[in-house]
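The following note is offered to a colleague beginning the study of protein structure. Please read it with the sequence and the structure side by side.

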Amino acid sequence: MQANPLADRDFKKREEEMKSLAKSTLFIMLLLVMLTACSSGKDTTETSSAPSPSENEAATNTASENTETNEEPDKTQTFKGENFSFSYPSTWKDAELNVPQVVAAFVNPNPQGAFVDNLNVVIEESSATPEEAANVAVQGLTNGDGGPLIQNFKKLNYIDVPEKAAGILESEYTHGESNAQVILTQYFVPNGNALYTLSISYSKTAYDNGGKASVQNIMDSFETVKVSNQMEDSNANAGSNVEGLTEENLFAEIMAYVIPIEIEDAALDELTYNYFVKHYELFPALTPEAQKRAKAEVDPNITSRHLNKNLSPYLDQMIEVSGYVVDIVEEEIDEGITLAEIHIVDDNDNSIIGFYAHTTGDILQDDYVTMRGVPATFYSFENVGGGTTNSVLIGVSTIEKTE
């Protein structure tokens with residue numbers, strides 16, 4: 001494999017990314033403090049003395065009126081922002097924070113106690129994964145970055161949501177002013193260059209009394225309009241958009257650059273480029289969830305014989321091929337970015353060249369492997385016998401030993 005000029009590019013280092021994420025996460029923590037501070041708006045001093053009978057009667061009448069006039073608890077209304085939308089309880093009111101980074105914030109004007117249930121949405125420029133963002137949030141809040149209003153912070157659970165490439169962080173803390181136990185649920189959704197964080201806080205009392213279902217409904221309703229990071233120049237897929245590199249288009253850009261180097265006058269087809277961008281989390285598929293999704297994408301009816309007959313119908317189809325490794329080379333093209341080139345010959349004696357953006361572990365020459373990926377172009381090269389080998393070049397999602 002030739003030296004790849006991608007190594008000379010200015011990739012953002014993960015250390016810088018995480019530092020930036022830590023700063024923005026601290027902002028979210030401070031925002032949570034602003035919202036939880038709203039809990040002081042409900043006067044709890046009334047409970048210091050016993051109410052009179054007339055006060056009891058008035059309170060009963062008021063509660064009855066509220067039951068009759070309030071909207072149904074499961075009724076919602078929709079908020080639509082730029083490239084996202086979600087539904088929230090229709091009785092909740094705009095928090096009116098007037099903070100530019102906060103694209104939406106709502107509070108419950110009739111909470112079940114001193115703590116005011118609330119939610120907010122923050123959008124930040126970041127290529128961090130949901131789990132990375134969750135880990136930064138946990139580290140900061142555990143270390144007391146939430147200030148005096150967020151005490152005894154404890155992570156309860158983290159859940160991947162593979163169908164939306166999202167993640168859910170569930171936590172609990174003591175609200176320092178009201179001494180209420182609070183359940184904080186944060187929904188992290190990457191979208192192009194941006195990371196959307198939906199934070200929902202309920203008092204534990206409210207959470208256990210219908211709030212948990214409400215939280216789930218809000219997260220289920222959260223939708224983003226996919227932001228495309230395709231190349232600006234429609235003819236640029238034979239080259240590379242250096243300044244537009246993102247997590248979403250990184251593998252597509254690698255393939256767009258490698259193919260013309262390996263194959264003279266060749267270019268990555270737009271269909272394949274778009275597939276890599278749309279399914280960027282599968283290239284490579286490193287987690288069990290991503291690997292399961294990659295397998296589900298495979299069309300088992302497509303074989304190397306179909307590809308050799310006519311590649312065009314399969315340029316945006318995930319395929320699976322198995323065979324013996326003829327040659328395998330790995331090269332670190334940038335800090336933390338390894339590109340492997342794997343040449344296999346399958347059971348039909350057809351040649352397949354795969355490019356995989358990760359180390360292949362203990363896979364070596366002569367091992368029998370299964371690769372899943374998307375065909376990109378035909379590849380011809382001189383073999384050791386002096387003849388020409390015709391091969392199919394694919395972008396690899398998963399590779400594993402199968403014998």
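In what order do the seven strands of the open sheet stand? The points below begin with the answer; it should be kept in mind throughout that the model is predicted.

1. The open sheet. The seven strands follow the order β3-β4-β5-β9-β8-β7-β6, and their pairing is antiparallel. The edges are held by β3 (93–94) and β6 (150–161); each has a single partner strand, so one side of each lacks a neighbour in the sheet. As background, the strands of a sheet pair through hydrogen bonds of the backbone, in either a parallel or an antiparallel manner.

2. From the β3 edge inwards. Two bridges join β3 to strand β4 (residues 102–107) in the antiparallel sense. Within this pairing, K93 has V107 of β4 as its bridge partner. V107 also stands opposite N118 in β5. β4 and β5 run antiparallel and are joined by five bridges.

3. Strand β5 and its other partner. On pairing with β9, β5 forms eight bridges, again in the antiparallel sense. One of the positions to inspect is V122, whose bridge partner in β9 is T197. How many of the eight residues of β5 are buried? Six of them are, so the strand is largely enclosed by the rest of the structure.

4. A helix across the sheet. Helix α4 (residues 204–221) lies across four strands, namely β5 (118–125), β7 (166–175), β8 (181–191) and β9 (194–203). The helix runs at about 155° to β9.

5. Aromatic pairs. The structure holds 18 aromatic pairs. In one of them, F86 and F106 meet edge-to-face, with 6.4 Å from centre to centre and 70° between the planes. F86 belongs to strand β2 (residues 84–89) and F106 to strand β4, so this pair ties together parts that are 20 residues apart in sequence. F86 has a relative accessibility of 1% and counts as buried; F106, at 5%, is buried as well.

6. A pair over a longer stretch of sequence. W92 and Y202 form a tilted aromatic pair, 5.6 Å centre to centre and with 45° between the planes. Where do the two residues lie? W92 is in the loop between β2 and β3, and Y202 is in strand β9, so that distant parts of the chain, 110 residues apart, are linked. Both W92 and Y202 are buried.

7. An aromatic cluster. Ring pairs also link F79, F84, F86, Y88, F106, Y187, Y196 and F222 into a cluster. F86 and F106, described above as an edge-to-face pair, are thus among the members of this cluster.

8. Helices α5 and α6. Helix α5 (residues 250–262) has 13 residues and spans 18 Å from its first C-alpha to its last, close to the 18 Å expected at 1.5 Å a residue. Its buried residues are F251, A252, E253, I254, M255, A256, V258, I259 and E262. The axes of α5 and helix α6 (residues 270–278) come within 7 Å and cross at roughly 150°; the two helices are therefore roughly antiparallel to each other. On the α5 side the meeting residues are F251, A252, E253, M255 and A256, and on the α6 side Y273, F276 and V277.

9. The hairpin of β12 and β13. Strand β12 (residues 337–346) pairs with β13 in the antiparallel sense over six bridges. E341 has F355 in β13 as its bridge partner. Four residues lie between the strands of the hairpin, in which D349 takes a positive phi near 60°.

10. The burial of β13. Why is β13 described as largely enclosed by the rest of the structure? Six of the six residues of the strand (residues 351–356) are buried, so this description follows. Both faces are covered: S351, I353 and F355 are buried on one side, and I352, G354 and Y356 on the other.

11. Residue T360. T360 lies in the loop between β13 and β14 (368–382). Is this residue buried or exposed? T360 counts as buried, at 8% relative accessibility. Apart from neighbours within four places in sequence, T360 is in contact with I328, E330, A340, I342 and I399. T360 and E400, which are 40 residues apart in sequence, are 8.2 Å apart in space, C-alpha to C-alpha.

Notes. Residues numbered from 1 in each chain as written. Predicted model: local features only at pLDDT ≥ 70, side-chain atom pairs only at ≥ 80, totals over all residues. Heavy atoms only, no water. Buried < 20%, exposed > 50% of the residue type's maximum accessible area, 1.4 Å probe, protein only. Pairing = 2+ DSSP bridges. Contact = heavy atoms within 4.5 Å. Axes fitted to C-alpha atoms, helices over the stretch in contact; angles between N-to-C directions. Phe/Tyr/Trp six-rings, centres within 6.5 Å; stacked < 30°, edge-to-face > 60°. Expected span 1.5 Å × (residues − 1). Parallel < 35°, antiparallel > 145°, perpendicular 65-115°, else oblique.
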